[in-house]
Amino acid sequence: MPDPRLDRGRFPSLRLTGAPRAPPPSGRRAGLWRRLAAAGGNCGCCGCCGRSGGGGGEWEPIPGETPGRRTAQPVRPGLLAPVWLRPGSSTNRTAHHTQEFPARPLVVRRGQRFHVGMRLPREPRTGDGICLELTLGPNPQVAKGTHVLVPLGGSSPTGWSAEVDEGVAEPIGGGANSGHALWVGLTAPPTAPIGRYRLSARTRTEAGEFAAPFEPDNDLVLLFNPWCQEDSVYMEQTSDLSEYVLNESGRIFYGTEEQIAERAWNYGQFEPGVLDACLFILDRRGMPHGARGDPVMVARVVSAMVNSLDDSGVLVGNWTGDYSQGTNPSAWAGSVGILRSFHGTGSPVRYGQCWVFAGVVTTVLRCLGLPTRTVTNYNSAHDTDTSLTTDIYLDEAMRPLERLNTDSVWNFHVWNDCWMKRPDLPEGYDGWQVVDATPQETSSGLFCCGPCSVKAVKNGDVFLKYDTPFVFAEVNSDKVYWQRQAHGGFAVVHVEEGAIGRRISTLGATGHARVDITDQYKHPEGSEEERRAVSAATSHGSRPRQRGPTSGGEVTMTVGSGPAVAGADLELRAVLKNGGLEPRTLRLRFSLCAVRYTGVAGAAFRQEQHRRTLPPGQEDTVTMTVTYTEYQPHVGDQDALKLTVAAAVQESGQVLAKELLVRLHTPELTLTLLGPAVVGRPVSVQVVFQNPLPAPLPSASLRMEGAGIACPKPLALGSLGAGQTLRLSQSVTPLRAGQRRLVATLESAALPPLSGCVQFSAQTGSTGSTGSLTGDTGSTGREENHTGSTGNGGRRLRRRRGRPGGSTGG
């Protein structure tokens with residue numbers, strides 16, 4: 001008869017919910033994994049050459065058993081059957097920087113000791129043996145590091161070690177006066193595969209060997225450890241890890257280089273269900289569990305899986321402007337809902353664009369333990385023909401030939417940098433590595449990009465993997481202008497250096513301000529080092545380096561604009577200066593179109609031609625005014641206006657060409673906390689917004705999100721008159737103590753989605769409540785210029801005295 005002490009209730013902990021474990025890679029998924037790992041000669045295996053067999057020849061896998069799926073066995077007299085087993089002491093979560101994760105399963109980091117509590121029916125005797133057993137994945141193997149047998153007082157062939165730790169004062173369950181209790185200090189090697197391990201114990205006495213069952217409640221999750229010097233993701237400036245691993249909220253920059261804007265983003269890597277979803281992403285790709293100790297391959301898999309192409313990954317990209325079958329990418333306020341939806345349904349979430357892909361990648365990689373930052377590159381080139389130049393074609397009259405302009409320059413593009421060593425590259429390329437999940441071009445047949453060494457990009461070493469040529473073109477290609485000639489061919493008429501890769505931005509390690517990291521990606525523009533890097537890179541391009549007239553010459557031209565505010569008229573200008581000793585006559589062409597942030601331009605809706613004569617040493621300004629009613633039909637979500645100015649000097653034949661991107665400013669939402677923030681208690685937040693348009697704003701919706709905050713469901717709003725102000729209150733509930741950031745986005749068809757945020761400190765209440773994850777936190781109200789409900793049940797709206805009423809929606 002089985003020993004009643006081995007009842008499941010003797011192995012207490014919370015069960016982690018989530019999708020079933022993925023089967024081992026086979027068929028199409030296995031083929032995809034092999035293709036993903038093939039570039040650069042990787043075989044897709046973990047590279048471990050550990051011998052078969054376990055525990056240094058002392059402990060062996062049980063013949064015929066499926067590792068990790070053992071059930072209780074009868075206890076014969078003399079066997080040493082554990083009566084209680086639990087992974088983790090009260091100090092482990094703090095020591096491993098995982099205290100923000102839910103308490104169970106225990107989450108720890110490799111290369112660092114954690115504890116396993118065990119209670120035996122008696123004290124071990126001389127000759128007795130105790131072994132901890134861990135398995136990872138559906139087909140664990142000792143040689144792959146996914147079936148681990150660690151003898152107490154020794155180590156496994158793959159480097160796990162276990163020692164009795166008498167320094168833990170915490171009591172052990174299973175009955176305070178029954179049997180013998182001990183704490184075991186267990187350490188995973190800093191190269192161990194990450195993932196969810198199953199834990200059990202085996203004992204050996206003269207009477208034979210006993211193997212305790214694998215209880216799901218005793219699973220533990222192992223992550224990368226950037227605090228461990230032997231881990232390949234170790235970051236020497238460990239103070240920076242408060243931002244790059246532990247910060248659950250941040251800001252993502254967008255707009256144009258002259259008009260940098262930012263949006264708050266809730267990464268939420270410690271929120272319930274997010275860790276499950278991150279591990280599910282690796283399973284969904286079919287990534288071998290033994291390969292999951294290599295951050296290079298983990299980052300590459302994540303870059304492939306966060307977009308839906310190839311294998312139905314997390315997000316469907318959509319740049320059409322029609323989001324009726326899903327969510328407008330600009331309406332997302334964070335990653336948590338996206339990842340929970342993908343894990344819960346297994347279906348790609350609709351829709352994402354570059355900042356959404358990057359926000360989700362930051363969440364996933366930080367959750368798994370890789371230091372990660374979200375990076376925005378302004379004037380980001382998309383090289384489609386591997387020429388490593390950005391080519392712009394003009395006709396004989398200097399008008400853009402959009403059908404030939406397959407290369408594009410994105411107003412901004414957002415990707416990620418993650419920190420790791422690169423043993424697969426020559427020495428000197430460790431540190432920040434570019435990872436980009438936005439599907440643009442394929443890499444080894446798959447839509448993924450990176451990891452690519454930032455140092456390799458800076459030096460033009462485009463022969464190094466992964467995808468360095470593509471990233472180099474994004475940040476440091478030259479803009480080459482081609483003009484159609486009388487015979488039908490094209491000739492280079494202008495080369496603009498320094499126009500690509502501007503003001504590369506990220507949130508600093510303190511998490512408070514934007515930091516310009518352009519110098520990490522490229523040498524100073526025009527310097528000898530920078531030109532040498534460009535020359536070295538383009539020598540590997542698809543065609544010889546095109547050298548043509550550069551921006552030098554007697555006549556110079558700059559372009560600019562007046563204040564650009566949505567709803568107001570816009571003034572555009574070109575400033576011409578004659579630096580020569582003779583008068584110069586110029587012919588200019590202005591061309592204005594709407595352009596998506598990806599650089600895809602619409603048809604020109606306004607064109608003008610001008611003729612100017614410049615005396616020596618003089619300058620002249622040519623302006624073009626565009627009214628709101630003229631540009632409004634052409635500008636959609638995330639669009640900007642692109643002004644192309646081309647000029648030709650009649651006397652010398654000098655050609656000048658400039659492009660200007662103008663982003664229309666929109667107002668932000670103002671959020672104000674209306675009371676103290678206490679864990680487990682609702683608190684009202686006031687949202688204020690003014691319609692900037694000279695026309696009514698049609699119906700809109702409001703969405704809120706925050707790490708460690710229970711937020712209401714999206715709220716539908718009625719229309720808002722021209723120039724009117726919206727004031728409403730929403731009830732939210734802090735779930736965890738500490739610094740919290742609440743993000744709100746307002747979506748309307750007439751304006752790009754607007755955002756705002758408020759940061760506050762949530763305190764633990766007198767009851768010590770930690771809150772719970774809930775759905776809608778209460779009803780809400782909306783009135784123009786007054787406050788509605790604070791979320792207390794169905795309380796009726798009360799209008800403030802002296803303020804006019806407006807329509808109410810909810």
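Visitor: What makes up the lining of the second largest cavity, when its residues are sorted by class?
Guide: That lining has three nonpolar, three polar and four charged residues. In this sorting Ala, Val, Leu, Ile, Met, Phe, Trp, Tyr, Cys and Pro count as nonpolar, Asp, Glu, Lys and Arg as charged, and the others, Gly among them, as polar. The residues concerned are Glu 243, Tyr 244, Gly 250, Arg 251, Tyr 267, Arg 366, Arg 373, Thr 374, Thr 506 and Leu 507, and Tyr 244, Tyr 267 and Leu 507 are therefore the nonpolar ones. The model is predicted, and for this reason local features need pLDDT of at least 70 and side-chain atom pairs 80 or more, while totals for chains, interfaces and linings use all residues. Residues are numbered from 1 along each chain as its sequence is written, and side-chain values use heavy atoms, with hydrogens and water left out.

Visitor: Which elements supply at least two residues each to the lining of the second largest cavity?
Guide: They are helix H3 (241-244), strand S12 (249-256), strand S16 (372-382) and strand S23 (502-507), where helices (H or I, at least four residues) and strands (E, at least two) are DSSP runs numbered from the N terminus.

Visitor: Why is a space called a cavity rather than a pocket?
Guide: On a 1 Å grid over the protein atoms alone, a 1.4 Å probe fits at the points of a cavity but cannot get out, whereas a pocket is an open set with protein on both sides within 12 Å along at least five of seven lines; residues with an atom within 4 Å of a point form the lining. A search of the whole structure finds five cavities of 30 Å³ or more. The largest cavity holds about 60 Å³ and the second largest about 50 Å³, each volume being the space filled by probe spheres set on grid points joined across faces, edges and corners. Ten residues line the largest cavity, with Pro 67, Arg 69, Gly 137, Pro 138 and Arg 198 nearest its centre, and by class this lining has three nonpolar, four polar and three charged residues.

Visitor: Which residues lie closest to the centre of the largest pocket?
Guide: The largest pocket contains about 940 Å³ of space, and of its 44 lining residues Asn 379, Val 409, Lys 479, Glu 659 and Leu 661 come closest to the centre. Elements that give two or more residues to this lining include S16, strand S21 (479-484) and strand S31 (655-662). By class the lining of the largest pocket divides into 17 nonpolar, 14 polar and 13 charged residues.

Visitor: How do you know that Glu 659 and Lys 479 form a salt bridge?
Guide: A salt bridge requires a side-chain nitrogen of Lys or Arg within 4 Å of a carboxyl oxygen of Asp or Glu, and the closest N and O atoms of Glu 659 and Lys 479 are 2.9 Å apart, so the pair qualifies. This pair links distant parts of the chain, with Glu 659 in strand S31 and Lys 479 in strand S21, 180 residues apart.

Visitor: Why is Lys 479 called buried or exposed?
Guide: Buried means under 20% relative accessible area, exposed over 50%, and partly exposed in between (1.4 Å probe, protein chains only). Lys 479, at 6%, therefore counts as buried, whereas Glu 659, at 26%, counts as partly exposed.

Visitor: How do you know that Arg 202 and Glu 209 meet in a salt bridge?
Guide: Their side chains come to 2.5 Å, N to O, and the pair therefore meets the rule. Arg 202 counts as buried because its relative accessibility is 1%, while Glu 209, at 28%, is partly exposed. By this rule the count comes to 36 salt bridges, and a network of them links Glu 100, Glu 248, Glu 271, Arg 736 and Arg 740.

Visitor: What makes the phi of Asn 379 stand out?
Guide: Most residues other than glycine have a negative phi, and most peptide bonds are trans. Asn 379 has a positive phi near 55° and is not a glycine; this residue lies in strand S16 and, at 13% relative accessibility, counts as buried. Arg 503, also not a glycine, has a positive phi of about 45°, lies in strand S23 and is partly exposed at 31%.

Visitor: Which peptide bond is cis, with omega near -5°?
Guide: That bond runs from Lys 465 to Tyr 466, and Tyr 466 is found in the loop between helix H8 (454-459) and helix H9 (468-476). A cis bond also joins Arg 350 and Tyr 351, with omega about 5°, and Tyr 351 lies in strand S15 (residues 349-352).
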